[in-house]
Amino acid sequence: MEGALKIRHLATLGPTLAVAALSSMTVFNSAHADDAVDMAAASKQFMNSCGVCHTVEPNAEVRQGPNLQTVFGRTAGTLADFPAFTDALKKAGAGGLAWNEESLDKWITNAAEFIPGSSMPYAQPDADKRKLIVAYLKSFAGGAAAPEKK
């Protein structure tokens with residue numbers, strides 16, 4: 001019923017204003033689609049699942065795994081500050097693998113299965129936990145990217 005009222009109200013605006021209003025509602029709704037994720041829970045899940053080996057703090061010391069602050073959108077195996085990427089991960093990156101929602105989900109599900117020869121021993125079978133981790137990593141996207149190895 002509420003949607004019908006909005007549509008009837010839009011009809012009173014005239015065609016130009018109605019299109020502008022619909023466009024802004026679409027942008028607003030799609031921009032907030034990821035807001036459904038509880039970022040406090042996502043941060044906690046990242047720390048519980050990944051925080052021993054990884055950090056997201058800028059300029060933090062390298063741990064067993066690379067800093068993940070700029071992982072979202074980066075080519076796999078290319079963070080300049082991390083010297084220990086496996087040949088398998090570098091090859092996957094050279095073949096075009098970049099970290100996005102889908103590839104991170106597959107990686108976190110079972111890294112060794114997703115990229116045989118990789119060294120990350122972690123596997124998270126719980127889709128809800130993976131969603132939180134990916135959302136947390138994605139929340140850093142848009143910041144200054146770390147330099148890639150060439």
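Leaving aside its neighbours within four places in sequence, which residues is L89 in contact with?

## L89 and the nonpolar core

This report describes a predicted model. In that model, the contacts of L89 beyond four places in sequence include A76 and G77. W99, W107 and I115 complete the list.

L89 also belongs to the largest nonpolar core, a group of 27 residues. Together with F46, W99, W107, I115 and L137, L89 is among the residues with the most contacts inside this core. Helices α3 (39-49), α4 (87-94), α5 and α7 each give two or more residues to the core. The largest share comes from α7, which provides six residues.

## The largest pocket

The largest pocket holds about 490 Å³ of space. It is lined by 27 residues, and those closest to its centre are H54, G65, P66, W107 and M120. W107 is thus named both here and among the core residues with the most contacts.

By residue type, the lining consists of 18 nonpolar residues, eight polar residues and one charged residue. Two elements, α5 (101-109) and α7 (127-138), each supply at least two residues of the lining. The element that gives the most is α5, with three residues.

## R130 in helix α7

Helix α7 also contains R130. Is this residue buried or exposed? R130 counts as buried because its relative accessibility is 10%, and buried means under 20%.

The side chain of R130 makes a polar contact with the side chain of D105, at 2.7 Å. Not counting residues up to four places away in sequence, R130 touches I108, T109, Q124 and P125 as well as D105.

Technical notes: Residues numbered from 1 in each chain as written. Predicted model: local features only at pLDDT ≥ 70, side-chain atom pairs only at ≥ 80, totals over all residues. Heavy atoms only, no water. 1 Å grid on protein atoms, 1.4 Å probe; cavity = no way out; pocket = protein on both sides within 12 Å on 5 of 7 lines; lining within 4 Å. Points joined across faces, edges and corners; volume = space filled by probe spheres on them. Helix = DSSP H or I, 4+ residues; strand = E, 2+ residues; numbered from the N terminus. Nonpolar A, V, L, I, M, F, W, Y, C, P; charged D, E, K, R; others polar. Buried < 20%, exposed > 50% of the residue type's maximum accessible area, 1.4 Å probe, protein only. Polar contact = N/O pair within 3.5 Å; in protein donor to acceptor, adjacent residues only side chain to side chain. Contact = heavy atoms within 4.5 Å. Core = buried A, V, L, I, M, F, W, Y, C linked by side-chain atoms within 4.5 Å.
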